[in-house]
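Visitor: I am new to this structure and would like a close look at a single part, the salt bridges and what surrounds them. Please start with the whole chain and work inward.

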Amino acid sequence: MPAPALTGPQYLVQGLQLIMRPGLRLFVLLPLSINLLLFSGLVYLSLHQFSMWVDTFMPTLPHWLSFLSYILWPLFVVLVLLMVFFTFTMLANIIAAPFNGFLSEKVEAVVRGIDDSPPFSWAELLAMIPRTLSRELRKLGYMLPRMIALFILSFIPVVNIIAAPLWLLFGVWMMAIQYIDYPADNHKMSWQDMLAWLRAKRWASLSFGGCVYAALLVPFVNIFMMPAAVAGATLFWVRERGAQEVAGVRG
């Protein structure tokens, strides 16, 4: 029987449990260290620049509408938080992509119970860099035009009120793409086929992406969420693809 559509929380929780296994700890520590450094930089920069960023996006209101600033200010705080978080998360994933691809490979071996890959070697990891970085550039090509459109929308008075929910929805979708792409890339699935597969499982994908997005917003918890999200996305891939293949055979 195919897995239920809304399984995002289960995949993320099970992914977190998977990365605690002794055999995977080495592959978790590498992206975890990168994540820790980048999020430390995010906190430092945000503490010094956050108020200025909010003031930049806040529209200038006439005096008779100044009371609206108390209503709009929280909205633009959320907008800046979403933009900053999303930008730094994407940067962290680009830098950690080779490590995440390697972690996904090892997690899949554990999930399937078949590990025919050689022991860890830096040479194997380095060999993955060109392919994983090429895939990350493809993600950037998909993401940047949409980010630019949202960024421009954020500066348009009145219309920019809808920017925050749109950033949130886009961020959730990109989290699904970002992490589920690691096992898809390991299996040499093309970018377009991967997007089509995720769209066919839109609600399951958004459920997983939303859980990852929410977890990454929690201070300190987010440090551990990148490897957990990689493991959860790999579990998502193995189970959802398996259910699809079984359904195809029965059909």
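Guide: The chain exposes about 12,700 Å², and carbon and sulfur atoms supply 73% of that area; accessible areas come from the Shrake-Rupley method with a 1.4 Å probe, and for residues only the protein chains shown count as cover. This is a predicted model, in which local features need pLDDT of at least 70 and side-chain atom pairs count only at pLDDT 80 or more, while totals for chains, interfaces and linings use all residues. Residues are numbered from 1 along each chain as its sequence is written, and side-chain values use heavy atoms, with hydrogens and water left out.

The chain has eight helices and zero strands (DSSP runs numbered from the N terminus: helices are H or I with at least four residues, strands are E with at least two). Of its 251 residues, 47% count as buried; buried means under 20% relative accessible area, exposed over 50%, and partly exposed in between, with a 1.4 Å probe and protein chains only.

Now the salt bridges. The structure holds seven of them, each being a side-chain nitrogen of Lys or Arg within 4 Å of a carboxyl oxygen of Asp or Glu. One joins the side chains of Arg135 and Asp181, at 2.7 Å from N to O. Arg135 lies in helix H4 (residues 122-153) and Asp181 in helix H5 (residues 163-186), so this pair ties together parts that are 46 residues apart in sequence. Arg135 counts as buried at 10% relative accessibility, and Asp181 is buried at 1%.

Another salt bridge stays within one helix. Glu136 pairs with Lys139, their closest N and O atoms being 2.8 Å apart. Both lie in helix H4, three residues apart, which is about one turn of the helix. Glu136 and Lys139 are buried.

These two pairs belong to a wider arrangement: Arg131, Arg135, Glu136, Lys139, Asp181 and Asp185 are linked in a network of salt bridges.

A further salt bridge is formed by Lys201 and Glu240, with the closest N and O atoms 3.0 Å apart. This pair links distant parts of the chain, 39 residues apart: Lys201 is in the loop between helix H6 (191-200) and helix H7 (202-216), and Glu240 is in helix H8 (residues 221-250). Both Lys201 and Glu240 are buried.

What touches the Arg135 and Asp181 pair? Met194 is in contact with Arg135, Ile177, Asp181, Ala184 and Met189, leaving aside its neighbours within four places in sequence; contact means heavy atoms within 4.5 Å.

Met194 also leads into the nonpolar surroundings. The largest nonpolar core has 60 residues, and those with the most contacts inside it are Ile177, Tyr179, Ile180, Met194, Phe208 and Val212. Such a core is a set of buried Ala, Val, Leu, Ile, Met, Phe, Trp, Tyr and Cys residues joined through side-chain atoms within 4.5 Å. H5 gives the most to this core, with 13 residues.

Not every nonpolar side chain is covered. Leu144, Ile148, Ile152, Ile156, Val158, Val159, Ile161, Ile162 and Leu166 form a nonpolar patch on the surface, with about 770 Å² of accessible area together. Patches are made of residues with over 30% relative accessible area and no salt bridge, like charges being joined within 9 Å and nonpolar side chains (Val, Leu, Ile, Met, Phe, Trp, Tyr) within 5 Å. H4 gives the most to this patch, with three residues. Leu166 lies in helix H5 and is partly exposed, with a relative accessible area of 34%.
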